[in-house]
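Grab your viewer and work through a few exercises on the chain below. Each one has a task, followed by a solution that goes step by step.

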Amino acid sequence: MDIHHHIAQRLRELRSARGYSLDALAERSGVSRSNISLIERGESSPTAAVLDKLAIGLGVALASFFDESADGGAAHEGVTAPSPHIRAADQPQWQDPASGYVRRRLSPPAPSPLQLVEVSFPPGQRVALDSAVPGADIHQQVWLLEGRMELTVGDTLWPLAAGDCLAMQLNQPIVFHNPGTTPARYLVALATVMPFAPLTPRSQLPARVAAPTPPTARRKP
């Protein structure tokens with residue numbers, strides 16, 4: 001499936017799953033109703049900034065638009081389960097129309113809490129994302145493979161050289177900037193952390209009952 005039609009399908013699925021009308025999502029995201037409609041019909045190629053606004057309005061990570069669709073996310077009767085393997089030639093790519101950065105999804109179709117993405121970022125370009133996903137605990141690490149990048153996470157600027165790695169949470173604005181004269185290439189690892197079950201206080205644990213001693217092992221008086 002063409003990547004733009006895939007994004008259109010995912011947007012329709014996510015909006016339908018939350019029961020939002022076009023008007024409701026437009027109000028929540030700040031993206032016009034007409035623009036959302038064009039994207040859902042595959043007639044408009046949204047920028048990263050627009051997808052980020054839609055993601056926040058839907059309460060999901062931006063990466064959700066590149067996930068497998070609901071139809072392909074689980075095995076049905078007579079349908080092969082999503083593969084845990086994907087060839088390099090089959091990894092879907094998307095290019096941001098505004099900045100020109102290219103995003104390649106490396107992870108196979110099989111469901112996983114971990115996603116790997118490779119990004120090629122043109123020199124001199126800048127992309128600002130809000131990246132605040134309400135109620136989600138999503139962690140991201142960026143490992144710079146080639147070139148230079150500057151990442152501003154919240155109010156903190158982090159200059160990255162080749163080999164550097166930066167960890168962050170998707171709960172605050174993030175600005176990606178390539179200050180160099182050559183393209184930068186980096187790996188992104190995304191993981192959604194499930195909350196741990198609360199520990200039961202020791203005082204509330206049931207008392208340990210000693211097992212009865214077998215008759216043959218009892219001491220004689």
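The exercises that follow move from the overall fold to a core, a strand, a cavity and a pocket, all in a predicted model.

**Exercise 1. The overall layout**

Task: Work out how many helices and strands the chain has, and in what pattern they follow one another.

Solution:
- Start with the count: the secondary structure comes to four helices and 10 strands.
- Now read along the sequence, and the pattern is α-α-α-α-β-β-β-β-β-β-β-β-β-β.
- Next, burial: 35% of the 221 residues count as buried.
- Finally, take the contacts between residues at least 6 apart in sequence; 64% of those join residues at least 24 apart.

**Exercise 2. The largest nonpolar core**

Task: Find which residues of the largest nonpolar core touch the most other members, and which helix gives the core its largest share.

Solution:
- The core has 46 residues, and L54, F65, F121, M149 and Y186 are the ones that touch the most other members.
- The largest share of this core is six residues, and they come from helix 4, residues 48-58.
- Zoom in on L54. Leaving out residues up to four places away in sequence, its contacts are L11, L25, S29, V31, I36, I39 and F65.

**Exercise 3. L58 in helix 4**

Task: Decide whether L58 is buried or exposed, then list what L58 touches.

Solution:
- Locate L58 first: this residue sits in helix 4.
- The relative accessibility of L58 is 3%, so it counts as buried, the cut-off being under 20%.
- Beyond residues up to four places away in sequence, L58 touches L11, L14, R15, R18, Y20, L25 and F65.
- For a distance check, pick R28: L58 and R28 are 30 residues apart in sequence, yet 7.8 Å apart in space, C-alpha to C-alpha.

**Exercise 4. The two faces of strand 4**

Task: Sort the residues of strand 4 (126-129) into a covered and an uncovered face, and find the bridge partner of L129 in strand 9.

Solution:
- Here's the rule to lean on: in a regular strand, side chains alternate between the two faces of the sheet.
- In strand 4, V127 and L129 make up the covered face, while R126 and A128 make up the uncovered one.
- Strand 4 and strand 9 (residues 174-177) run antiparallel, joined by four bridges.
- Within strand 9, L129 has I174 as its bridge partner.

**Exercise 5. The cavity**

Task: Say how many cavities of 30 Å³ or more a search of the whole structure finds, and describe the lining of the largest.

Solution:
- The search turns up one cavity of that size.
- The volume of the largest cavity is about 350 Å³.
- There are 23 lining residues, with L62, Y101, L129, Q140 and F176 nearest the centre.
- Helix 4, strand 3 (114-121), strand 4, strand 9 and strand 10 (184-192) each supply at least two lining residues.
- Sorted by class, the cavity lining has 19 nonpolar, two polar and two charged residues.

**Exercise 6. The pocket**

Task: Give the volume of the largest pocket, and work out which strand supplies the largest share of its lining.

Solution:
- The largest pocket has a volume of about 500 Å³.
- It is lined by 25 residues, and S64, D67, S112, Q115 and T192 are the closest to its centre.
- Strand 3 and strand 10 are the elements that give two or more residues to this lining.
- Strand 10 has the largest share, with three residues.
- By class, the pocket lining splits into 14 nonpolar, seven polar and four charged residues.

How values were computed:
Residues numbered from 1 in each chain as written. Predicted model: local features only at pLDDT ≥ 70, side-chain atom pairs only at ≥ 80, totals over all residues. Heavy atoms only, no water. Core = buried A, V, L, I, M, F, W, Y, C linked by side-chain atoms within 4.5 Å. Buried < 20%, exposed > 50% of the residue type's maximum accessible area, 1.4 Å probe, protein only. Contact = heavy atoms within 4.5 Å. Pairing = 2+ DSSP bridges. 1 Å grid on protein atoms, 1.4 Å probe; cavity = no way out; pocket = protein on both sides within 12 Å on 5 of 7 lines; lining within 4 Å. Points joined across faces, edges and corners; volume = space filled by probe spheres on them. Nonpolar A, V, L, I, M, F, W, Y, C, P; charged D, E, K, R; others polar.
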